[in-house]
Each structure stands twice: as C-alpha cells, then as structure tokens.
Amino acid sequence: MTKISEMPAVARGFISNLDLPVVDDPSWAQPVPANKRRISIVSTAAVHRRGDKPFSWLAKDFRAFDKTDRDLVMTHVAVEFDRSAWQQDLNTIIPLERLEEMADDGEIGSVAEEHYSFMGAADPITMEKSARQAAARMKQDGVNTVFLIPI
Amino acid sequence: MCGLAHYFESEGLSTVLVGFVREHIEAIKPPRALFLDFPMGRGMGKPNDPVFQKKVIREAFGLLDTDSGPVISDFPEVIPVKDGRMGYALPPELVLSVEDIGDVDAVLAEVKAEMAALRPDYEAAVAARERTTVGASGLEIEEFAPFVAGFLNGEIPQSPRKGMPAIPLLKLVVEDLEAYFTETRTHRDSIDDLELMGKWFWEESKTGRMLLLLEAVSIASDNKVMLQIVEMSLMAPRFWSEGPLPGTSAAGW
C-alpha cells in the first residue's frame, strides 16, 4: 500500500498538511436493494462537456453531463495524476458504459440521466452548497445511490 | 471526495466511494469506501478492460449491502506504483534555464514539425476512439505551440480566448499538448504505460523541452501567477518528484 509517509517529499508535505473535514454526527442513508438502485456518478476530475465553462482553479461549483455524453474534456488544475488512462477510455474514471451493462443485466436498477463533476483540488467544505444543489437534481431524477470517484 | 460523501448522505442519498489515500479515508470516515492501491487517475483500474472495471464496481457496490458503517474495504488487487509516487514525475535534475531558450523561432519550428509528424496518427486515434480529450483550451491544435512560444520571449501574450486570461489558458494549452502526444502514442503503439508516456513527452520530445523552457521563464517571471504555476507544480509534473524545483519552495499550496 502506498502510504503518505512513503511518498516523495513534495507530495508527502502537501498531502500530510491538508486540512481534513471533521464530521461529528455523520448521516447514514440506508441503501435500497441492488435492483432498485438508480445510480449517479460524482467525479472530482473536473471534466465537463466541450464548450462548457472550464473549471476555475479552486472552483466550488459543479458541471452536469448526460449519461450519453462522451465528448468530455478535463480542466482540472492539478497535473499530478495520470491523464493517459481516461484519454484511452472514459470508463477508467467515469464508468457509464459499465453501469449501463450492469443495469441491462439487472445487477443494478438503472443509470441516472445526469452525472456530476467537481474540481477535486478545492476544499470540500467550500463545495457544500453545490453538492446539495446536485443532490436536489439527483432526487428529481429518482436517484437514490451516488458513486463517488476521485481522479 | 470523502467530504462530499457526507453531504450527499445527509441528503438521504446512499453513497459509496473509491479512494487512493487510505489515511484520508480513515480520517474523514465516509459511510462506505473502497480503498484502491492504484495510481491516481485510474479509479476503475485499467482502460479498455471491462472485466477489471466491473470487478472494482462490484467490490464497491458490495459495500452498499452492509447494515452499518462507516466501512472501509481494500480492493484485493494492486496496480503497482513506482517509488511511492502515484503518477509520473520529472527527474529533479532535469531543469532548464532561460539561457537555454536561444532562438524562439527555432524552438517553435522544431515543435511544429514534431506535431505535424504525429498528426496522421493522432487523427487515427481520434477516429478509432470516436472521441478526443484534446481541446480543453478551446484553441485549434495549430495554435497550441505558437501560443506557448509567445511566453518564451518573456512577455505575457494576449489571450486569444474571450473571457479567459492568458495564464489560465496557458495551463490548458500545456495539457492539450500533452494529451495530443499521449492520445497519439497510446493508440499508435497500443501501449498503456503512464511512466513511459511521461518520460517520452517530458524528457524526450521537442515539445516537452519547450514546456521546460516555459517553466524556466515562469521561475524568472515577475508575474506572481506565472511563479505560482511552478510553485504549485501546476504545469510540469513535479508533484511526485523527490524535492522541489530549484528556485521554488514548492510551498505554493
């Protein structure tokens, strides 16, 4: 396992000095059975449809995209993660095709119409308002399950 | 990411996440989390491998069957990373200076020729994948190199994109350039190797060299944002390097 203490100096210093949010009374939303799950993906890869407004460096807002959108670009501020994987296959970071296959096979209920992307470099505390706005849109779409995937 | 899980959960939505830094998952305690010992940028593990990708998804979704939490589970397979770093890193000693720039027109001509030679293979990659990630900057491919070269003269050129200042645009152009190269090579040579791609682009290509010259210009710049780009490792891949870029503190964050 890659431990923070074993990371190279620059990354170790940055990651170990991050202020992490503390949640005193965490919520627990009881999951529905697998075949009732309607799933929306939330990515922190700062991807969006080509032509949408690029993310600013510490953006608090989000971009939504449809489950059929494939012409996505990334405007994440950081360059420390590999971009070559998603260039080859969008499913490596946003597995819409895998979820559609699982829905077709009855492993999950359905795939949401909309999915969401945030700027992972920003402090999550600043994203609360946006996250709740995204949640409201999800609930309008009948979503009950969120699959969160970092970059 | 872990913090977002709490917000969605408090809205009555069940969440499950995957994550790369186990210590952060343990500290923030999202309701359901699957730790992945993978390089960053590969949440589902392997491109064009539906079987592996579904293994990750099924392992994560299995956590939705637990009755209480928080629960953290470890994905049983490891995709090794090199030397504790979770992405490619430039060798710390590979640093250029403004004295290395020489004739900017000659630098630009070399890069244009290099890019033109790759163009047929890039077009083939786009046709095969039916998508490209190149173009986040909104500029045409032919505009990328001349825009970067404009900075090598030590001045901030005017942004050609309405509503976006030159320096944020520069960052996107740098990423577009790298994407142009790596999209081409991964398809042309059927390889998936992030270390090899980083080494080829940043250490061996003329275009990578132009960007290291841009980095040298940034360090020498009076412009705070240009300096910030290198302080925060936002342009050249030095985040995972063993030691900060000379002339910077790497403390921009």
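**Exercise 1.** Show why helices H8(B) and H9(B) are oblique to each other, and describe their contact.

*Solution.* The model is predicted.
- Step 1: locate the helices. H8(B) covers residues 206-220, and H9(B) covers residues 224-231.
- Step 2: take the geometry. The two axes come within 7 Å and cross at roughly 120°.
- Step 3: apply the cut-offs. Roughly perpendicular means 65 to 115 degrees, and roughly antiparallel means over 145. The crossing of H8(B) and H9(B) falls in neither class, so the pair is oblique.
- Step 4: add the hand. The crossing of H8(B) and H9(B) is left-handed.
- Step 5: list the residues. H8(B) supplies Glu215(B), Ser218(B) and Ile219(B). H9(B) supplies Met226(B), Leu227(B), Ile229(B) and Val230(B).
- Step 6: sort them. The contact has 5 nonpolar, 1 polar and 1 charged residues.

**Exercise 2.** Which residues of H5(B) are buried, and what covers them?

*Solution.*
- Step 1: H5(B) spans residues 141-152.
- Step 2: its buried residues are Phe144(B), Ala145(B), Phe147(B), Val148(B), Ala149(B), Phe151(B) and Leu152(B).
- Step 3: the cover includes three helices of chain B, namely H4 (104-129), H6 (166-188) and H8.
- Step 4: look past the helix end. Gly154(B) follows H5(B) and has a positive phi, near 85°.

**Exercise 3.** Is strand E1(A) largely enclosed or open? Find its partner strands too.

*Solution.*
- Step 1: E1(A) runs over residues 38-43, and 5 of the 6 residues are buried. The strand is therefore largely enclosed by the rest of the structure.
- Step 2: pair E1(A) with E5(A), residues 110-111. They run parallel, joined by 2 bridges. Arg38(A) has Ser110(A) as its bridge partner.
- Step 3: pair E1(A) with E6(A), residues 114-118. Again 2 bridges join parallel strands. Here Val42(A) stands opposite Tyr116(A).
- Step 4: pair E1(A) with E7(A). This parallel pairing has 5 bridges. In it, Ser40(A) faces Val146(A).
- Step 5: recall the general rule. In a regular strand, side chains alternate between the two faces of the sheet.

**Exercise 4.** Trace E7(A) across to chain B, and describe the side of chain A that touches chain B.

*Solution.*
- Step 1: count the contact. Chain A gives 66 residues and chain B gives 75 residues.
- Step 2: find the elements of chain A that give two or more residues. The helices are H1 (9-16), H2 (84-88), H3 (96-104) and H4 (128-140); the strands are E4 (72-74) and E7 (145-149).
- Step 3: classify the chain A side. It divides into 43 nonpolar, 12 polar and 11 charged residues.
- Step 4: follow E7(A). It pairs with strand E1(B), residues 14-19, in the parallel sense over 4 bridges.
- Step 5: name a bridge. Val146(A) has Thr15(B) as its partner in E1(B). Within chain A, Val146(A) stands opposite Ser40(A).

**Exercise 5.** Where does Val95(B) sit, and which residues does it touch beyond four places in sequence?

*Solution.*
- Step 1: Val95(B) lies in the loop between strand E3 (71-74) and H4 of chain B.
- Step 2: count its neighbours. There are 17 other C-beta atoms within 10 Å. Buried needs 20 or more, and exposed needs 12 or fewer. Val95(B) is therefore partly exposed.
- Step 3: list its contacts. Leaving out residues up to four places away in sequence, Val95(B) touches Leu245(B) and Pro246(B).
- Step 4: set sequence against space. Val95(B) and Pro246(B) are 151 residues apart in sequence, but 8.0 Å apart from C-alpha to C-alpha.

Methods. Residues are numbered from 1 along each chain as its sequence is written. Chains are lettered from A and ligands numbered from 1 in the order in which they are written. This is a predicted model: local features need pLDDT of at least 70, side-chain atom pairs count only at pLDDT 80 or more; totals for chains, interfaces and linings use all residues. Two residues are in contact if their C-beta atoms, placed from the backbone, lie within 7 Å. Ala, Val, Leu, Ile, Met, Phe, Trp, Tyr, Cys and Pro count as nonpolar, Asp, Glu, Lys and Arg as charged, and the others, Gly among them, as polar. Two strands pair if DSSP finds at least two bridges between them. Axes are lines fitted to C-alpha atoms, for helices over the stretch in contact, and angles run from 0 to 180 degrees between N-to-C directions. Angles under 35 degrees count as roughly parallel, over 145 as roughly antiparallel, 65 to 115 as roughly perpendicular and the rest as oblique. A crossing is left-handed if the near helix is turned anticlockwise from the far one by less than a right angle, and right-handed if clockwise.
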